[in-house]
Protein chains: 2
Amino acid sequence: MTFEVLILGSNSSIPVHGRHPTAQIVHHDEQYFLVDCGEGTQMRMAAFKVKRSKIQHIFISHLHGDHYFGLIGLLTSYHLLQRQTPLHIYSPPGLEEIINLQFRYSDTRLVFPLHFHVFSGQTMETLYESDTLTISTLPMQHRIPCCGFLFREKKGLKRLKPGVAERYRLPTPMIAQLRQGKNVWWNDIELKSEEVTTEPPPPATYAFFSDTRYDERLAEPIAGIDLLYHEATFLSGLEERAALTHHSTAAQAALLAQKAGVKHLLLGHFGSRYPELEPLLNEAKAIFPHVQLALEGHRYAVRQPAPSLV
Amino acid sequence: MTFEVLILGSNSSIPVHGRHPTAQIVHHDEQYFLVDCGEGTQMRMAAFKVKRSKIQHIFISHLHGDHYFGLIGLLTSYHLLQRQTPLHIYSPPGLEEIINLQFRYSDTRLVFPLHFHVFSGQTMETLYESDTLTISTLPMQHRIPCCGFLFREKKGLKRLKPGVAERYRLPTPMIAQLRQGKNVWWNDIELKSEEVTTEPPPPATYAFFSDTRYDERLAEPIAGIDLLYHEATFLSGLEERAALTHHSTAAQAALLAQKAGVKHLLLGHFGSRYPELEPLLNEAKAIFPHVQLALEGHRYAVRQPAPSLV
């Protein structure tokens, strides 16, 4: 089952050095979730050949512009392209008012159903749930209400061993029961689930951390997850400025990854003052070796090969 | 004196075919005026090496998103970059409310003075005046309040003939009076302005037409001007759709240029349905030969060489 993150933009605040404000696509199975939507996100989607029509859920971490100024343009394009399917937007309070005000002045009456869902940012809340995935908020420590998002796969069904279905000519409902762990009778034979199935791959979990200052309490809800995207707005030496602006250094990102025992770390939300990103990477790597830079246009598997401690 | 237009975006509605929504810089003498500000304008400025700090006046034709969704991002960047100088924004009613609402939710208190100036869109109004230029609204025929803008140079001062200043050792105030057409006495000699000066080049005028349906009454205020930027959202055959959506065909743009007797026509606001622009150009050229496509990143002199009727 596909579970990966496509980076559309991984810069902070101002678009510079050819980098763009925050936006990413979390692709799980058949679903494409848009997480944050900085200015120009719809152009980035076009550049990376993302089919925007596939997106049904958009998660906005907070109402600083570099995380949502591209939303109104994307919604307008959906409208002009005669989108039919409903769209769900999850955000802190205020976004619906901002969007609707602009549609009022442009005299736009949307041709598709748009649903706003508000989260407080104070506690973990489940925003989305399907048979295979839940998406929850992760309250951040930022200047205004702000959440990250936790994409947690559910444990999948067991897998039938090769040849079993054919040998017993099993009908679909029987297969389903075996995969759920139930034993079944078929043609006077009892088939035991534990004998004819194998365990599914362990469920994977991805956390998108939005803007936040360092706070080790943030480690607890992401303990042991597969992949953590964490902001790295500053290099060490600017901890005071980071704390003042409610942002983190690359070293702090690595420290949190270490405390949480995550498997891999992805650095993003790069400070505009850094034309080169290697120093951010190196600083984090010294603390937490399984770290990569979130480069625009690149896809990162959530379920990465087990870390080999080099 | 420089007087030219740099195209940042010349597409309509949706960013496609590598084209971007409306934005352009009118550069007159030492001033850089931004006209409309579609999504991604600040990135387009960076791509074309426009120094955004030089802009002190922004003109927004109307509140359809492809003409202003980039404004909030640009203002935010000015704020983050610690802009000091005041900025003036001219628009129909509503923009201040839209901008301020977003700054309220992001808890942004601008570090530079921002002044909003509202025009009704019903009559021609002078928005800006300097010693060398006036900028006025041009009411359009669109679905919501919408104006184009007329950039009219004032007649310049006469020019002193070469060598005159040196021969008579004229002090600066005397030169100024002669250039204003006044005769002066200097060292017991009367210098006659008409004898020691030549006429300045004739003042040039540029009109930016925003979204509008065809209406020949729009020709009158732009009679005989040097350069007209006119929308060309459709090709002929779609006149009904153009009228319905309050837009124009390329042929209608040419017809208006012809009726107004402008010297040159620049086609823009290209319909997203047209990956190739040549058909729009050819359609206009059949009616009005002095026409060009407004290509992004290109600069167009307002005072172009006199048309040679080929």
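This report describes one strand of chain B, its neighbours, and the contact between chains A and B.

The structure is a predicted model, for which the predictor gives the complex an ipTM of 0.92 and a pTM of 0.93. Chain A has an average pLDDT of 96, and 98% of the residues score at least 70.

**Strand β16 of chain B**

Strand β16 of chain B, which spans residues 264-268, is mostly covered, since five of its five residues are buried. His264(B), Leu266(B) and Gly268(B) point one way from β16(B), while Leu265(B) and Leu267(B) point the other way, and the residues of both groups are buried.

The strands that pair with β16(B) are set out below, each with one bridge partner pair.

| Strand of chain B | Residues | Pairing with β16(B) | Bridge partners |
|---|---|---|---|
| β15 | 227-231 | parallel, five bridges | His230(B) and Leu267(B) |
| β17 | 291-293 | parallel, three bridges | Leu266(B) and Gln292(B) |

Between β16(B) and β17(B) comes helix α9 of chain B, made of residues 278-285, and these three elements form a right-handed β-α-β unit.

**The contact between the chains**

The contact draws 27 residues from chain B and 28 residues from chain A. On the side of chain B that touches chain A, at least two residues each are supplied by α1 (41-47), α2 (71-80) and α3 (95-105) of chain B. By character, the residues on this side of chain B comprise 11 nonpolar, 12 polar and four charged ones.

Methods. Residues numbered from 1 in each chain as written. Chains lettered and ligands numbered in written order. Predicted model: local features only at pLDDT ≥ 70, side-chain atom pairs only at ≥ 80, totals over all residues. Buried ≥ 20, exposed ≤ 12 C-beta atoms within 10 Å, placed from the backbone. Helix = DSSP H or I, 4+ residues; strand = E, 2+ residues; numbered from the N terminus. Pairing = 2+ DSSP bridges. Right-handed = clockwise from strand over helix to strand, strands pointing away. pLDDT = per-residue confidence, 0-100. Contact = placed C-beta atoms within 7 Å. Nonpolar A, V, L, I, M, F, W, Y, C, P; charged D, E, K, R; others polar.
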